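Colleague: I'd like to learn how to read a model like this one. Could you walk me through it feature by feature?

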Amino acid sequence: MKTHNAVFEEAFSFAALLRAYKRARRGKRYRSQVVSFTENLEGNLIQLQTEVLTETYRHRAYQQFIVKDAKKRHIQAAPFRDRVVHQAIHAALEPIYEPSFVHHSYACRRGKGTIAAITTFQRYVRTNQYVLTADISRYFASINHATLLMLLRRRLADQRMLRLCNLIIDSCHTCPGVGIPIGNLTSQLFANVYLNALDQYVKHTLGTKRYIRYMDDIAVCSNDLTELHSFQTATATFVEQHLQLQFHPKKVQIQPVRVGIDYLGYRVFPTHMSLRKSTVRRFVHRSRTADATSNVYRQGVIAWLQYARHAQSRGLQRWLVQRGYIPPLPMI
């Protein structure tokens with residue numbers, strides 16, 4: 001396995017930090033922290049670069065808030081200057097770890113995403129009788145820092161970059177040595193690195209086919225119930241012993257595909273897909289409280305319709321327009 005060294009200096013050159021700043025401000029350039037940082041852009045980037053390169057950089061306090069969507073999530077939002085550092089780390093490390101990921105890991109990766117995952121999942125559902133679905137209980141909040149650093153070291157040998165990653169990982173935790181913040185860009189990459197250990201075990205030790213992972217949402221399709229029960233036992237043991245994780249006891253299910261399988265916000269049948277009722281209810285609830293005249297709201301509606309169009313939803317779209325939950329946009 002190839003390990004990478006000497007990535008730190010290049011990752012925090014002035015040019016690399018400037019690119020990281022531009023990515024970090026995307027869609028947020030008029031927020032107060034971004035405006036303040038931009039007023040003295042060169043000076044702030046040089047100061048940040050100096051702190052990182054001399055290893056005097058310290059992560060500042062997070063803003064914490066709760067988002068209620070499919071479930072309640074505790075989000076930690078880093079200050080803007082720290083998000084610039086996150087962007088620079090991500091840009092340096094993504095090319096190192098991306099080639100090691102399995103093909104059917106779909107979350108937070110270029111060219112992947114929800115639609116690619118659900119399209120593959122339905123293809124598997126059409127040719128198999130049963131599905132196992134599972135997810136990790138409190139995944140981000142349960143990631144063990146020492147185990148994560150061990151996994152990072154398998155491909156990264158640059159000690160300065162590893163020390164910086166350790167600083168970012170330790171900047172927020174649910175208890176000492178455990179948990180990474182959901183809101184960090186680096187956390188998305190670190191979370192994929194962490195469960196890539198499970199992916200490799202599933203693919204190369206168990207030899208499982210028709211396996212999909214979207215972050216911590218896992219699905220396996222098979223015509224053999226015994227295979228699925230064996231998979232459940234083996235993977236539960238693996239994540240507990242090697243990753244200090246547990247599957248959510250109420251979300252591990254083995255079902256026949258004919259009943260329709262809830263996965264990534266859709267209800268998937270061999271012949272078609274529909275949106276989950278809870279997905280529609282959340283959209284209606286947000287629409288009732290949103291400012292229907294704002295561009296942000298309209299952009300959100302268009303994005304949701306793009307998501308909905310992959311299911312049988314034209315009748316639903318008309319109903320939402322008639323009830324005033326969405327503006328009269330063209331049907332997608």
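Colleague: What phi does methionine 215 take in the hairpin of β4 and β5?

Modeller: Some ground rules help here: helices (H or I, at least four residues) and strands (E, at least two) are DSSP runs, numbered from the N terminus, and two strands pair if DSSP finds at least two bridges between them. In this hairpin, two residues lie between the strands, and methionine 215 has a positive phi near 55°. This is a predicted model, where local features need pLDDT of at least 70 and side-chain atom pairs count only at pLDDT 80 or more, while totals for chains, interfaces and linings use all residues. Residues are numbered from 1 along each chain as its sequence is written, and side-chain values use heavy atoms, with hydrogens and water left out.

Colleague: Which strands pair with β5?

Modeller: Strand β4 (residues 211-214) runs antiparallel to β5 and is joined to it by four bridges. Strand β3 (residues 130-135) also pairs with β5 in the antiparallel sense, over six bridges. Look at alanine 219 in β5: isoleucine 212 stands opposite it, and so does threonine 133.

Colleague: How many residues of strand β5 are buried?

Modeller: Buried means under 20% relative accessible area, exposed over 50%, and partly exposed in between (1.4 Å probe, protein chains only). In β5 (residues 217-222), five of the six residues are buried.

Colleague: And aspartate 135, is that buried or exposed?

Modeller: Aspartate 135, found in strand β3, counts as buried because its relative accessible area is 7%. Contact means heavy atoms within 4.5 Å. Leaving out residues up to four places away in sequence, aspartate 135 touches Asp216, Asp217, Gln246, Phe247, His248 and Lys251.

Colleague: Where is leucine 53, and what does this residue touch?

Modeller: Leucine 53 sits in helix α4 (residues 41-53) and is partly exposed, at 24% relative accessibility. Beyond residues up to four places away in sequence, leucine 53 touches Phe8, Glu9, Phe12 and Arg160. Leucine 53 and arginine 160 are 107 residues apart in sequence, yet 8.7 Å apart in space, C-alpha to C-alpha.

Colleague: Which residues have the most contacts inside the largest nonpolar core?

Modeller: In soluble globular proteins, nonpolar side chains tend to be buried together. A nonpolar core is a set of buried Ala, Val, Leu, Ile, Met, Phe, Trp, Tyr and Cys residues joined through side-chain atoms within 4.5 Å. The largest here has 65 residues, and those with the most contacts inside it are Phe12, Leu93, Tyr139, Leu152, Met161, Leu198 and Leu243. Helix α10 (residues 185-206) gives the largest share of this core, 10 residues. Another core, of 28 residues, lies apart from it and includes Ala117, Ile261, Val301 and Leu305.
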